[in-house]
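Reader: I'm new to reading protein models. Can I ask how you back up the words you use for this one?

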Amino acid sequence: MKAIETELAGCFVLEPRVMGDERGYFFEAFNQAHFERVIGQAVHFVQDNQSFSTKGVLRGLHAQQGDYAQAKLVRVLKGEVLDVAVDARKGSATFGQYVAVRLSAENKKQLFVPRGFLHGFVVLSDTADFFYKCDNYYAKDQEWGVRYDDPTLGIDWPFSAAHLTISEKDSLLPDFNDAMDRFRLK
């Protein structure tokens, strides 16, 4: 597995070594020791999640606060998404900046999103199966988030608002500056 650190410190794109022949392909999707070696830190994953969505579904931007913050290792099992991570670590040199990476079943790339980041994605293909490992358990009362279309962040989503499907909960999220004042972040 090759790890490429993005312009946001601690956030990595991971590219597996895929071996293929006339039978198909094989790759190691996750190896704890190798993963920790290539990203340079220990991460203990405790929960796996999976979602299914259709084209134009946008999920995000989400995180958990305080002691419930989560690091995530995300990938696409079927289809393609534009995956976005936003640095919400107060005091970080890249605070408020984002990275956007196309993840697909075809390219088999993964994105490691460290604690202190917001995360979201939009489905580019007709459907997508999205998988993520988390290093902390889901805690509904510790959720927080930011509107996907916050002008401060200026995320370049590939669809206009008219072509997106967004949950009511996500449509009611605050903007970035309000969220940073409201939530207990480390």
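Reader: What is the volume of the largest pocket?

Author: About 440 Å³. Keep in mind that this is a predicted model.

Reader: What makes a residue count as part of its lining, and which residues lie nearest the centre?

Author: A lining residue has an atom within 4 Å of a point of the pocket. For the largest pocket, 23 residues line it. Nearest its centre lie Arg59, His62, Lys72, Tyr132 and Glu143.

Reader: Which elements give two or more residues to that lining?

Author: They are strands E5 (47-54), E6 (58-64) and E11 (117-123), plus helix H2 (168-171). E6 gives the most, with five residues. By class, you'd find seven nonpolar, eleven polar and five charged residues in the lining.

Reader: E6 again, then. Which peptide bond is cis around there?

Author: The one from Gly60 to Leu61, where omega is near 5 degrees. Leu61 sits in strand E6.

Reader: What about a cavity? How do you know that a space is a cavity and not a pocket?

Author: In a cavity a 1.4 Å probe fits but cannot get out, whereas a pocket is open. Searching the whole structure for cavities of 30 Å³ or more turns up one. The largest cavity holds about 40 Å³ of space, so it passes that 30 Å³ cut-off.

Reader: Which residues line the largest cavity?

Author: His62, Ala63, Gln64, Ala69, Gln70, Lys72, Gly116 and Phe117. E6 has the largest share here, with three residues. Sorted by class, the lining has three nonpolar, four polar and one charged.

Reader: How many disulfides does the structure hold?

Author: Zero. Take Cys11: the nearest cysteine sulfur belongs to Cys134 and is 14 Å away. A disulfide needs two cysteine sulfur atoms within 2.5 Å, so Cys11 is in no disulfide. For Cys134 the nearest cysteine sulfur is that of Cys11, 14 Å away, so Cys134 is in no disulfide either.

Reader: Are those two cysteines buried or exposed, and how do you know?

Author: Buried means under 20% relative accessible area. Cys11 has 0%, so Cys11 is buried. Cys134 comes in at 1%, so Cys134 counts as buried too.

Reader: What is there to say about phi of Lys108?

Author: Phi of Lys108 is near 60 degrees, which is a positive value in a residue other than glycine. You'll find Lys108 in the loop between strand E9 (98-104) and strand E10 (110-113).

Reader: Why is Lys108 called buried?

Author: Its relative accessible area is 13%, and the cut-off is under 20%, so Lys108 is buried.

Reader: And the whole protein: what share of the residues is buried?

Author: Buried residues make up 49% of the 186.

Reader: How many helices and strands are there, and why is the protein called as compact as a globular protein of that length?

Author: The protein has three helices and 13 strands. Its radius of gyration is 16 Å, close to the 16 Å that the globule rule gives for 186 residues, so the protein is as compact as a globular protein of that length. Along its principal axes, the C-alpha trace spans about 55 × 40 × 30 Å.

Reader: Last one: among contacts between residues at least 6 apart in sequence, what share joins residues at least 24 apart?

Author: That share is 79%. A contact here means heavy atoms within 4.5 Å.

How values were computed: Residues are numbered from 1 along each chain as its sequence is written. This is a predicted model: local features need pLDDT of at least 70, side-chain atom pairs count only at pLDDT 80 or more; totals for chains, interfaces and linings use all residues. Side-chain values use heavy atoms; hydrogens and water are left out. Buried means under 20% relative accessible area, exposed over 50%, partly exposed in between (1.4 Å probe, protein chains only). On a 1 Å grid over the protein atoms alone, a cavity is a set of points where a 1.4 Å probe fits but cannot get out, and a pocket is an open set with protein on both sides within 12 Å along at least five of seven lines; lining residues have an atom within 4 Å of a point. Grid points are joined across faces, edges and corners, and a volume is the space filled by probe spheres set on the points. Helices (H or I, at least four residues) and strands (E, at least two) are DSSP runs, numbered from the N terminus. Ala, Val, Leu, Ile, Met, Phe, Trp, Tyr, Cys and Pro count as nonpolar, Asp, Glu, Lys and Arg as charged, and the others, Gly among them, as polar. The radius of gyration is taken over C-alpha atoms; the globule rule is 2.2 Å times the number of residues to the power 0.38.
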